[in-house]
There are 2 protein chains.
Amino acid sequence: MGATRDRADRADRADRDDRDGAAPAASRAAQRADEGAVDPDSPEGRGGAAAVLPAGPPGTGRPGLDQRRILGAAVELIDQGGLRELTMRSLGAHLGVEAMALYRYVPGRESLLDGVVEVVVDELYGDPDVYLEPRDGWQDYLARLAHGLRRIALAHPEVFPLVATRPPAAPWVRPPLRSLRWVESFLQAMTRSGFDDEAAVGAYRAFSSFLLGHLLLEVSQRGVPTGPLEDQQGPPASTDLSAYPELRRLRPQLSEDASAVEFEESLENLLERLERLLPPEHGR
Amino acid sequence: MGATRDRADRADRADRDDRDGAAPAASRAAQRADEGAVDPDSPEGRGGAAAVLPAGPPGTGRPGLDQRRILGAAVELIDQGGLRELTMRSLGAHLGVEAMALYRYVPGRESLLDGVVEVVVDELYGDPDVYLEPRDGWQDYLARLAHGLRRIALAHPEVFPLVATRPPAAPWVRPPLRSLRWVESFLQAMTRSGFDDEAAVGAYRAFSSFLLGHLLLEVSQRGVPTGPLEDQQGPPASTDLSAYPELRRLRPQLSEDASAVEFEESLENLLERLERLLPPEHGR
DNA sequence: ACCTGAACACCGTTCAAGT
DNA sequence: ACCTGAACACCGTTCAAGT
């Protein structure tokens with residue numbers, strides 16, 4: 001059970017990230033993209049933003065417009081002000097350009113949002129804790145993947161609903177993984193570990209559903225009125241719970257943010273459940 | 001284990017609903033609302049659309065504008081054409097009125113969407129399979145709740161992303177339940193069954209996360225290109241999977257829609273997991 | 001090759017005016 | 001009391017024109 005200890009370590013790291021503001025996380029992401037951490041020469045370039053968006057002209061120095069720069073700015077704007085603030089015009093202004101200039105690099109707002117989702121999910125490639133071949137067994141690999149996606153969700157809480165709800169391009173790329181390469185990597189890890197086809201696919205589905213539910217819930221919990229220490233004037237000013245005795249009684253527990261430990265526990269439970277799908281000779 | 005049989009029966013029913021078009025489901029929902037199935041005189045009227053939206057004038061016969069009629073029409077429009085099609089102007093036109101007339105009954109588009117979410121989730125009150133007091137134990141109750149929500153999600157696939165992602169009003173109403181009354185009912189069922197406070201709250205969180213993940217995934221799977229039997233011209237025309245051998249090999253399994261049985265299995269697993277939270281004297 | 005001005009169709013929303 | 005016309009500010013998007 002050495003893998004369990006590792007998972008706990010990574011949980012700690014995720015918790016530290018919890019208290020990051022969105023801004024530093026965003027700039028860290030932008031930095032990664034600038035460093036080319038997105039691994040440009042991977043299988044056919046598919047999986048990069050170029051898969052969704054047409055190619056756009058090659059990079060022309062720094063201040064020149066650029067598809068990567070546009071998508072990065074879009075992520076920044078959403079991180080700061082939510083999806084509502086992201087407008088073709090505001091995005092142009094943010095880049096020192098008129099809105100119409102963007103249409104040279106992006107077919108329209110919808111594709112822009114697809115690109116935003118792709119860029120954010122692709123941050124997984126830049127996560128050194130995730131982006132290495134499955135070594136210490138599938139459980140360790142899945143746990144690293146899950147924590148990586150959780151860090152992304154917490155770093156971009158305003159983007160994650162997009163990651164969760166944009167209609168997937170095909171039935172075999174499900175949110176929140178949403179990447180052919182990661183799905184391939186996931187399936188390889190499972191089949192190589194002894195899962196048969198059906199079990200591998202089932203594991204992929206269970207994993208996706210677990211992450212989607214947990215992360216969306218966690219992200220939606222942030223930004224709710226009774227947050228840290230906002231306007232504390234008069235009585236809690238919250239809704240009248242007099243008709244709901246159980247709710248009123250359990251309100252403190254319900255308001256607690258237990259998402260971090262719950263994530264660990266549910267993940268652990270999922271991994272145990274998946275282990276039971278292994279044919280007997282592969283038990284660890 | 002008698003409850004397991006009941007759950008399987010309800011699963012059959014959900015499967016029948018699976019193949020409904022969106023339109024009949026929508027009209028069935030509207031019918032329910034017209035019949036006043038939303039239970040008007042419940043604790044303080046809270047939980048009804050009036051909780052989110054200001055009261056609006058009392059009902060004035062049929063063709064007169066009305067908050068309930070507006071929300072129902074909005075749900076219909078989203079069911080038919082997706083969120084994009086729902087516009088204050090199109091909604092007005094659908095009701096035979098100019099857009100500006102709506103502002104007498106609805107503060108704005110955002111509140112309208114809140115009301116849409118509320119109306120759809122409140123269909124649970126009209127589901128005779130769900131809306132009865134916990135009788136046959138908490139497992140049966142939770143299973144009925146889960147299946148009821150699944151039916152709602154499948155009946156309104158275009159609305160469900162809203163149910164999943166609209167920021168909740170308080171930390172103790174989580175998607176997809178989103179209703180003080182149902183949360184109260186949930187917590188009562190659990191504590192009365194012997195769960196202590198912490199376990200009841202944990203169960204509520206696990207239940208929410210499970211439903212959110214599963215239903216959102218299932219709903220997003222619908223409306224994906226490789227659906228039933230759309231334009232079948234030339235080769236599958238799908239993305240080039242040559243660089244992803246495992247994906248290509250498992251594509252048939254990945255495209256299968258196993259959501260119904262997976263829902264049952266995961267639900268079963270969740271219930272078993274929750275049972276372990278019971279103090280020993282309450283084991284069934 | 002790259003960006004912009006001007007324009008179009010369409011939004012949400014306000015408010016004085018109609019009946 | 002209830003609805004509408006007209007208007008405003010702001011969208012996404014197109015395209016001919018500028019440099």
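How far does a backbone N or O atom of A:Arg109 lie from a phosphate oxygen of DNA strand D? The distance is 2.8 Å, a polar contact, meaning a pair of N or O atoms within 3.5 Å (within protein, one must be able to donate a hydrogen and the other to accept it, and residues adjacent in sequence count only if both atoms are side-chain atoms).

Before going on, please keep in mind that this is a predicted model, in which local features need pLDDT of at least 70, side-chain atom pairs count only at pLDDT 80 or more, and totals for chains, interfaces and linings use all residues. Residues are numbered from 1 along each chain as its sequence is written, chains are lettered from A and ligands numbered from 1 in the order in which they are written, and side-chain values use heavy atoms, with hydrogens and water left out.

**The two DNA strands**

Let us stay with DNA strand D, which has 16 residues around it, the closest being A:Met88, A:Arg89, A:Arg109, B:Glu98 and B:Tyr105. Near here means that a heavy atom of the residue lies within 4 Å of the strand. Of the strand D atoms that come within 4 Å of the protein, 51% are from sugar and phosphate.

DNA strand C also has 16 residues around it, and A:Glu98, A:Tyr105, B:Arg89, B:Tyr103 and B:Arg109 come nearest. For strand C, sugar or phosphate makes up 53% of the atoms within 4 Å of the protein, and bases make up the rest.

Here are polar contacts between protein and DNA:

| Protein atom | DNA atom | Distance |
|---|---|---|
| A:Glu98, backbone N or O | strand C, phosphate oxygen | 2.7 Å |
| B:Arg109, backbone N or O | strand C, phosphate oxygen | 2.8 Å |
| B:Thr87, side-chain N or O | strand C, sugar or linking oxygen | 3.1 Å |
| A:Met88, polar backbone atom | strand D, phosphate oxygen | 3.0 Å |
| B:Glu98, polar backbone atom | strand D, phosphate oxygen | 2.8 Å |

What kinds of residue line these surfaces? Near strand C there are nine nonpolar, two polar and five charged residues, and near strand D the classes again number nine nonpolar, two polar and five charged. In this scheme Ala, Val, Leu, Ile, Met, Phe, Trp, Tyr, Cys and Pro are nonpolar, Asp, Glu, Lys and Arg are charged, and the others, Gly among them, are polar.

**How the protein chains relate**

A turn of 180° with a shift of 0.0 Å along the axis lays chain B on chain A with an RMSD of 0.0 Å (least squares on the C-alpha atoms of residues with pLDDT of at least 70 in both). That is the relation of a two-fold axis. In chain B, the C-alpha of B:Gly213 is nearest the axis, at 1.8 Å. Both copies use the same surface, and 100% of the contact residues of chain B recur in chain A (contact means heavy atoms within 4.5 Å).

**Inside and outside**

A:Leu91 touches, among others, A:Ile70, A:Leu86 and A:Leu112, leaving aside residues up to four places away in sequence.

In chain A, A:Gln139 belongs to helix H6 (residues 137-155). A:Gln139 is buried (under 20% relative accessible area, with a 1.4 Å probe and protein chains only), at 8%. Its side chain makes a polar contact of 3.2 Å with that of A:Glu275.

A:Glu281, in the segment after helix H11 (259-275) of chain A, is instead exposed (over 50%), with 61% relative accessibility. Its C-alpha is 8.8 Å from that of A:Gly194, although the two are 87 residues apart along the chain.

Methods. Helices (H or I, at least four residues) and strands (E, at least two) are DSSP runs, numbered from the N terminus.
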